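Dear colleague,

Please find below the structure I agreed to pass on to you. My notes on it follow directly after.

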Amino acid sequence: MSETRAAIGIGELARCAGCKPETVRYYERVGLMSGAVRTEGGQRRYGEEAVRRLTFIRHARDFGFSVEAVRELLTMSDRPDMSCQEVDAIAKHHLEEVESRLQRLAALRDELRRMLGQCAGGKVESCRIIEVLSDHQLCISEQAHGGAGDLKQGPHS
């Protein structure tokens with residue numbers, strides 16, 4: 001435990017990092033956070049290092065890095081004397097994934113705009129949006145179909 005900050009509970013740790021206690025427990029279960037020291041009453045207690053680590057994890061996850069990539073980045077951050085070449089490689093790979101996702105989302109946006117533009121505002125029986133959603137052949141872009149999955153967020157992201 002850190003001497004500069006009194007040990008804090010899981011709720012305070014979560015607040016410091018902008019997440020919920022459930023998220024802290026999840027990161028402990030998957031091995032990104034080490035288990036906390038427990039009081040005689042069984043309450044978790046954390047120090048400043050846990051706040052720094054959880055803040056790093058949350059920030060990396062906000063950037064969209066996978067749990068496995070965060071694990072690798074944490075391992076590297078624990079070795080400050082090593083070259084950052086591997087860190088760069090992880091970030092470059094993630095950037096490529098983000099750029100690919102952006103292309104798919106742009107195609108999805110364009111397809112949605114096209115469907116909305118073709119909707120006459122009449123009855124559902126002649127609704128162009130329902131028509132296009134019912135028939136894959138009416139879509140202009142194949143990429144539009146993969147983009148919606150990019151909008152989904154996991155419970156512990």
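Among contacts in the chain between residues at least 6 apart in sequence, what percentage join residues at least 24 apart? The share is 56%. Please bear in mind that this is a predicted model.

Overall architecture. The secondary structure consists of seven helices and two strands, arranged along the sequence as α-α-β-β-α-α-α-α-α. The chain has 157 residues, and 31% of them count as buried. Its accessible surface is about 10,500 Å², with carbon and sulfur atoms accounting for 53% of that area.

Helix α3. This helix covers residues 48–62. Its 15 residues, at 1.5 Å a residue, should span 21 Å, and the end C-alpha atoms are indeed 21 Å apart, so the expected and computed values agree. The buried residues of α3 are A50, V51, L54, I57, R58, A60 and R61; two arginines, R58 and R61, are thus listed alongside residues such as L54 and I57. The cover over these buried residues includes α1 (10–17), α2 (21–29) and α4 (67–77). After α3 comes G64, which has a positive phi, near 90 degrees.

Aromatic residues. The structure contains one aromatic pair. Y26 and Y27 form this pair, with 5.6 Å from centre to centre and 55 degrees between the planes, an arrangement classed as tilted. Y27 has a relative accessibility of 0% and therefore counts as buried, the cut-off being under 20%.

With kind regards

Technical notes: Residues are numbered from 1 along each chain as its sequence is written. This is a predicted model: local features need pLDDT of at least 70, side-chain atom pairs count only at pLDDT 80 or more; totals for chains, interfaces and linings use all residues. Side-chain values use heavy atoms; hydrogens and water are left out. Helices (H or I, at least four residues) and strands (E, at least two) are DSSP runs, numbered from the N terminus. Buried means under 20% relative accessible area, exposed over 50%, partly exposed in between (1.4 Å probe, protein chains only). Contact means heavy atoms within 4.5 Å. Accessible areas come from the Shrake-Rupley method with a 1.4 Å probe; for residues, only the protein chains shown count as cover. The expected span of a helix is 1.5 Å times one less than its number of residues. Rings of Phe, Tyr and Trp (its six-membered ring) pair if their centres lie within 6.5 Å; planes under 30 degrees apart count as stacked, over 60 as edge-to-face and the rest as tilted.
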